[in-house]
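This briefing looks at how a bound ligand is held and at how the chain is divided. Please keep the sequence and the 3D view open while reading.

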Amino acid sequence: MTEGMVGLLLIYLNGEYLDYSEARLPVDERGLQFADGIYEVALVWDGQFIDLDRHLQRLERSAAALELKLPFTRSEIRAVADELLHREDPRRAAFYLQVTRGVAPRDHRFPSEIVPPTVIAYLKDAPLDQEGLAHGVSAITEPDLRWLRCDIKSVSLLPNVLARQHAAARGVREAILVRAGVGVTEGSATNIWMVRHGSIVTAPESNWILSGIVRGVVLELANAENLPVAERFASQEELMQADEVFLTSTTSFVTPIVQIDGRLIGDGTPGPVTTRLQELYMQRLSRLAHVAD
Ligand code: PMP
């Protein structure tokens, strides 16, 4: 398959590999009815899964938090991922995996144990924003209106959807969420970082944020470089006065944020700490992609 041309061609659905047009679910699917499910997005880089095990571990944590029994072992779902990769053979893609509490007549209560969860997996396009990676992107701040368990990667994403839509309507890339009484939590689909007085600051692992896989990797890279890091909530004022701001996610890597709410961060260009971490992150991607799995 050609570079960057991964469409929704092949869908894994409950044990079958189907053409997109054949993959169908009933109306009383609990993902649709109640957003009663979880998901993961992992990167394929140079034809290899990156950090798939960390993603599957997080899926297991999300499942446990929702009392959802996963219908596969880690190696079984890895085999599904490998099969999709084998059949579609993209150089670069996002692997999407979703598990919901299955199909049952509409009732808030869990269905009986004999209802199998719905498992969906596919590869999708993951275009690189070369311009944003090199020169930075803009963002807005938005109130964080989400529930109290943002650590669960649930398919219930309505506040994230609204925040990202507000960002798009303003012509910017991301909405940075600010929780009343807490501070800057994260982006609508990214973790947020700032550099201030030489220290890197990002929100601590807690119920207020999703513990990003890239967040964890960037913390490791910063530690290995002896860069000072503080895991704490920044205030909105601190963020606006930061020397550097950046976001991280599986499909955005380390992307500089150079403008927030119409105001420049620093001199409006990516700063040295962001640039260094981005470089280290991209080097790690290449390294992992070239190590046989
Ligand atoms: N926070 C939220 C709310 C997200 O949706 C994502 C993307 N999955 C992230 C952070 C970044 O997580 P990761 O580094 O695992 O992609």
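Which of the 16 residues around the ligand come nearest? In this predicted model, the residues that come nearest to the ligand are Arg 58, Lys 153, Glu 186, Ile 213 and Thr 250. The ligand itself sits in the largest pocket, and the points below take its surroundings and then the domains in turn.

**Ligand surroundings**

- The shell around the ligand, sorted by class, consists of seven polar residues, five nonpolar residues and four charged residues.
- Arg 58, one of the residues that come nearest, places a polar side-chain atom 2.8 Å from an oxygen atom of the ligand.
- Lys 153, also among the nearest residues, has an N or O atom in its side chain that is 2.5 Å from a nitrogen atom of the ligand.
- Val 214 makes its approach through the backbone, where an N or O atom lies 3.0 Å from an oxygen atom of the ligand.
- Taken alone, the ligand would expose 390 Å², and the protein buries 93% of that area.

**Domain arrangement**

- The domain assignment divides the chain into domain 1, covering residues 3-124, and domain 2, covering residues 130-290.
- The centres of domain 1 and domain 2, taken over C-alpha atoms, are separated by 26 Å.
- In the contact between them, 23 residues come from domain 1 and 24 residues come from domain 2.

Key. Residues numbered from 1 in each chain as written. Predicted model: local features only at pLDDT ≥ 70, side-chain atom pairs only at ≥ 80, totals over all residues. Heavy atoms only, no water. Near = heavy atom within 4 Å. Polar contact = N/O pair within 3.5 Å; in protein donor to acceptor, adjacent residues only side chain to side chain. Areas by Shrake-Rupley, 256 points an atom, 1.4 Å probe, with all protein chains shown as cover. 1 Å grid on protein atoms, 1.4 Å probe; cavity = no way out; pocket = protein on both sides within 12 Å on 5 of 7 lines; lining within 4 Å. Sits in = over half its atoms within 2 Å of the grid points. Nonpolar A, V, L, I, M, F, W, Y, C, P; charged D, E, K, R; others polar. Domains from an automatic or database assignment. Contact = heavy atoms within 4.5 Å.
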